[in-house]
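Hi everyone, thanks for making time for this. I'd like to walk you through one structure, so let's get it up on the screen.

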Amino acid sequence: MSTISANWSYPNAFKLGRGRIKELADACKSLGMKKPLLVTDRGLASMAITKTALDIMEDAGLGRAIFSDVDPNPNEKNLEAGVKAFKDGGHDGVVAFGGGSGLDLGKCVAFMAGQTRPVWDFEDIGDWWTRASLEGIAPIVAVPTTAGTGSEVGRASVITNSATHVKKIIFHPKFLPGVVIADPELTVGMPKVITAGTGMDAFAHCLEAYSSPFYHPMSAGIALEGMRLVKEFLPRAYREGTDLEARANMMSAAAMGAVAFQKGLGAIHALSHPIGAVYNTHHGMTNAVVMPAVLRFNRKTIEDKIARAAAYLGISGGFDGFYDYVLQLRAELGVPESLSAMGIAPDRIDELSAMAIEDPSAGGNPVPMTLENTKALFRDCF
C-alpha cells in the first residue's frame, strides 16, 4: 500500500497522494470558484471516478456540471462547444479532469472564456501570448487520471485544427492550473494499453528534454530522475494496475517530464504530432513507436550524453545499452514495433514530413530536421 503523500509548490500547488480527490472542493474554493465546470473526455464521463468527483463538488455546494464532448485529440470544435457550455452555465472556474485530452481541453476552455480572438491567435509563436485579454480567464484545478502528458503542470494545450489536421500548441502562462490533485487511486482503472502509452509519453518527454541541445541544467536534472522513475515503476504499474506506489511514482514522473520539456522536445514529438492529427493515434503510444528510429537518427550528436544517462539509470553499455533497454521496455509493454504495425500505411510520408518540420518540437531536436532527412526518418519508422 502506497504511503506516498506530498504537497509541492513547484511549478504550481501540487497535492499528491492516495485519497486526495477528497480535497477537490477545497481546491476549487481556494481559487474562488463557486460554480465550476468539470471538463473531461467522453470515455471518462460515465466512470465511477468522475461520479465521485462530481459528488464531492455537489456535496460542497459547487454543483455537478460536466462537459465531456472531447475527442481523444481535442480540436477547436470541442473547444467552441466547451466555451459555450461554460458561458451558458454561468461558470466561474474549470476542473480539468482526465488524461491529456480532458486536461488540455479544460485548460483551453478556462482560457478562451475570456477571449474574443480565435484560439489560433494564441499559438506558441514568439510573443503571441501577449495578445490575450487577462480579464475573464477562469481559474483551473487539474485532476490527472493518467500518468503521461503532465498537462497538469503545463502552460499550454495541444489543440488540433480540424480543417488542416495540424496540431497546434496554444500557450499562455494562465494555462498553468492553480491547484493539482494527483490521486493515484484515480489511475488504477487504466487499461494496460493506456498505462503503457501514457507512461511512454512521460519517458519521451524526459528523454527528449534531456537530449535537447538547449542550456537548461535544472530541466536536464529533472528529466534524468523522471526517466529513473519510469524505469523503476512503469513496468510495475503495467503488470499490477493496483500498485499504488508505482502509480504515485508514475504521476510524479509525468509531472517531471512536463516540467523538464521547457528545455525542449524533438523529433519524437515532431513526428508523433502529425501522425496523431492525421490518423488519430494515441499520442504516447505513437511516441513509443518512433522512439528507436529517432534515437538512431540522433545518435552521433547525443551518444555521450545518453551514455551518461545510462550510467545514472544503472544500464551498462552506454548508448547501445540504453537503446537496447528502450527496445526491451517497448516489448514488455506491448508497443507495436513500427508504424506499419500500428496499421498506418507509408503513403503520406511527404505530407507528414512537411508537417513535422513545421512542428514546434522540431526546433529542439539535437540534429536539425530538414524535409529530406525527416522523410528518411519517417521511412525508418515504417
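Let me start inside, with helix H10, because H10 supplies four residues to the lining of the largest cavity, the most of any element. Before I go on, please keep in mind that this is a predicted model.

How many cavities of 30 Å³ or more does a search of the whole structure find? It finds one. The space in that largest cavity comes to about 80 Å³. Fourteen is the number to remember for the lining: of those 14 residues, the ones closest to the centre are Leu207, Glu208, Ser211, Val294 and Asn298. If you'd like to find the place on screen, look for helix H6, residues 192–211, and helix H10, residues 283–312, which are the elements that give two or more residues to the lining. In terms of chemistry, the lining has seven nonpolar residues, six polar ones and one charged.

Okay, stay with H10, and bring in its neighbour, helix H9, which covers residues 267–279. The two pack at an angle of about 135 degrees, and their axes are 9 Å apart. That angle makes H9 oblique to H10, and the crossing is right-handed. On the H9 side, the residues that make the contact are Ala267, Ile268, His269, Leu271, Ser272, His273 and Ile275. Facing them from H10 are His283, Thr286, Asn287, Val290, Met291 and Val294. And yes, you've heard Val294 already, as one of the residues closest to the centre of the cavity. Sorted by class, this contact has seven nonpolar residues, six polar ones and no charged ones.

Next pair: helix H4, residues 76–88, and helix H5, residues 100–112. Here the angle is about 60 degrees and the axes are again 9 Å apart. So H4 is oblique to H5, and their crossing is right-handed. H4 brings Asn78, Leu79, Gly82, Val83 and Phe86, and these meet Leu105, Cys108, Val109 and Met112 from H5. The split there is seven nonpolar, two polar and no charged residues.

Now the last pair, helix H7, residues 217–239, with helix H11, residues 318–332. Are these two roughly parallel or oblique? Their axes cross at roughly 20 degrees and come within 11 Å, and H7 and H11 are therefore roughly parallel to each other. This crossing is left-handed. From H7 you get Met227, Lys231, Pro235, Tyr238 and Arg239, and from H11 you get Phe322, Tyr325, Leu329 and Glu332. That contact has six nonpolar residues, no polar ones and three charged ones.

Two backbone details before I let you go. Where does Pro11 lie? It sits in the loop between strand E1, residues 5–8, and strand E2, residues 13–17. The peptide bond leading into it from Tyr10 is cis, with omega near -5 degrees.

The other one is His165, in the loop between strand E7, residues 156–161, and strand E8, residues 166–171. Its phi is near 60 degrees, which is a positive value in a residue other than glycine.

That's my tour, thanks for listening.

Notes. Residues are numbered from 1 along each chain as its sequence is written. This is a predicted model: local features need pLDDT of at least 70, side-chain atom pairs count only at pLDDT 80 or more; totals for chains, interfaces and linings use all residues. Side-chain values use heavy atoms; hydrogens and water are left out. On a 1 Å grid over the protein atoms alone, a cavity is a set of points where a 1.4 Å probe fits but cannot get out, and a pocket is an open set with protein on both sides within 12 Å along at least five of seven lines; lining residues have an atom within 4 Å of a point. Grid points are joined across faces, edges and corners, and a volume is the space filled by probe spheres set on the points. Ala, Val, Leu, Ile, Met, Phe, Trp, Tyr, Cys and Pro count as nonpolar, Asp, Glu, Lys and Arg as charged, and the others, Gly among them, as polar. Axes are lines fitted to C-alpha atoms, for helices over the stretch in contact, and angles run from 0 to 180 degrees between N-to-C directions. Angles under 35 degrees count as roughly parallel, over 145 as roughly antiparallel, 65 to 115 as roughly perpendicular and the rest as oblique. A crossing is left-handed if the near helix is turned anticlockwise from the far one by less than a right angle, and right-handed if clockwise. Contact means heavy atoms within 4.5 Å.
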